[in-house]
Amino acid sequence: MKVYILTDMEGVGGVINQSQTFAGEPGYEQAREWLTLEVNEAVQGAIEGGATEILVLDSHGVNNVRNFRWDMLHEGARYIQGTPRQDYVHLIDESYDGLFQIGTHAMAGTPGAVLEHTMSSGSWVEMRVNGQLMGEIGLTAAAAGVYDVPFVMVSGDDKACAEARSVSPDVECAVVKAGISRQAAVLKPMPEVHRLIREKARLAMDKVKAVKPVKLESPVEIEVRYFRNDVYEGIREREGVRKVAPQTVIYSGKTVVEAWRKVWGG
Ligand SMILES: [Zn+2]
């Protein structure tokens, strides 16, 4: 069985402050180690559950994405790092049996969610996909759904897990912390978080045949409302890219993967 693991950083057990998620800021070096350890638990749990091939994407950040500590990675998987990449869930295809999302966060505006945002806390207000508000968790699940890969496991705070359940009701959730506000949470100790992630990853492997992939109706429209004028002003209209309101752009494609390539293409 093949598993694809997409990772982020805001939903790692000990991460509560934005500075922990920016390279060069205080706390980042420690937080990237914590992320790597959580990835290792997910890989180990997946293997215990029957995974034979695992690909992990280091997906936090925009430029020069390089969060995993290479010298600490579990030897049971392969790992993608760096930018640019064409696709949000890069190199996923129909051969995969399940999608995990590790270290996730809730969408922009979610009350009490640790480091909530959608794509960019500095320049995005919100995203709608086919008219529905969506965050990164839903987008990732839908992108995997294009290839019929079900979203079976998630880790993050309690709000991220609730959002994941709204996207894929039977997803296994490892709640690693309980959000109080954007930069405050009730934490669990590291050993408990690690046990939880490993256990949920193992259990998720039993579900890959039963959980339905997240499928969107075609064509897909991704509507992004930007906060910063300079981002909006830099986007040029062309086929599948329409400016529809001040600071709002609609990107469209046959699938969410095709539409997303236009978002990243500016
Ligand atoms: Zn992130």
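Asp8 and Glu10 are both buried, where buried means under 20% relative accessible area, exposed means over 50% and partly exposed lies in between (1.4 Å probe, protein chains only). This is a predicted model, in which local features need pLDDT of at least 70, side-chain atom pairs count only at pLDDT 80 or more, and totals for chains, interfaces and linings use all residues. Residues are numbered from 1 along each chain as its sequence is written, and side-chain values use heavy atoms, with hydrogens and water left out.

**The zinc site**

Those two acids belong to the zinc site. The protein donors of the zinc ion are Asp8 (OD), Glu10 (OE), Glu10 (OE) and His60 (ND1), at 2.0 to 2.7 Å from the ion. A donor here is an N, O or S atom within 2.8 Å of the metal (3.2 Å for Na, K and Ca); water is not among the atoms, so sites may look incomplete. Along the sequence, the donor residues follow the spacing D-x1-E-x49-H.

What geometry does the site of the zinc ion have? It is irregular, with angles of 52 to 133° among the four donor atoms. For the label, four donors count as tetrahedral if all angles lie between 85 and 135 degrees; four count as square planar and six as octahedral if opposite donors are over 155 degrees apart and all others between 65 and 115; anything else is irregular.

**Pocket and cavity**

Next, the empty space. On a 1 Å grid over the protein atoms alone, a cavity is a set of points where a 1.4 Å probe fits but cannot get out, while a pocket is an open set with protein on both sides within 12 Å along at least five of seven lines; lining residues have an atom within 4 Å of a point. Grid points are joined across faces, edges and corners, and a volume is the space filled by probe spheres set on the points.

The largest pocket comes out at about 1,100 Å³. Its lining takes in 43 residues, with Gly61, Val62, Asn63, Met119 and Trp264 nearest the centre. Two elements, α1 (28–48) and α6 (256–264), give two or more residues to that lining, and α6 has the largest share with four residues. Helices (H or I, at least four residues) and strands (E, at least two) are DSSP runs numbered from the N terminus. By class, the pocket lining has 16 nonpolar, 19 polar and eight charged residues. Ala, Val, Leu, Ile, Met, Phe, Trp, Tyr, Cys and Pro count as nonpolar, Asp, Glu, Lys and Arg as charged, and the others, Gly among them, as polar.

How many cavities of 30 Å³ or more are there? Just one, and the largest cavity holds about 40 Å³ of space. Its lining includes the zinc donor Asp8, along with Leu6, Tyr88, Gln101, Thr104, His105, Glu136, Ile137 and Thr140. Both β4 (98–104) and α2 (136–145) give two or more residues to it, with α2 supplying the largest share, three residues. The lining divides into three nonpolar, four polar and two charged residues.

**Backbone oddities**

Most residues other than glycine have a negative phi, and most peptide bonds are trans. Here are the exceptions worth a look.

| Residue(s) | Backbone feature | Value |
|---|---|---|
| Thr83 and Pro84 | cis peptide bond | omega about 0° |
| Ser218 and Pro219 | cis peptide bond | omega near 0° |
| Met119 | positive phi | near 65° |
| Asp148 | positive phi | about 60° |

Pro84 sits in the loop between β3 (78–80) and β4, and Pro219 in the loop between α4 (190–205) and β10 (220–226). Met119, also named above among the residues nearest the pocket centre, is in the loop between β4 and β5 (124–129). Met119 counts as buried at 18% relative accessibility. Asp148, in the loop between α2 and β7 (151–157), is partly exposed at 46%.

**Cysteines and a helix residue**

With a disulfide taken as a pair of cysteine sulfur atoms within 2.5 Å, the count is zero. Cys161 is in no disulfide, and its nearest cysteine sulfur, that of Cys173, is 4.3 Å away. Cys161 is buried at 1% relative accessible area, and Cys173 is buried too, at 5%.

Ala162 lies in helix α3 (residues 158–167) and is partly exposed at 46% relative accessibility. The C-alpha atoms of Ala162 and Thr52 are 29 Å apart, with their positions 110 residues apart along the chain.
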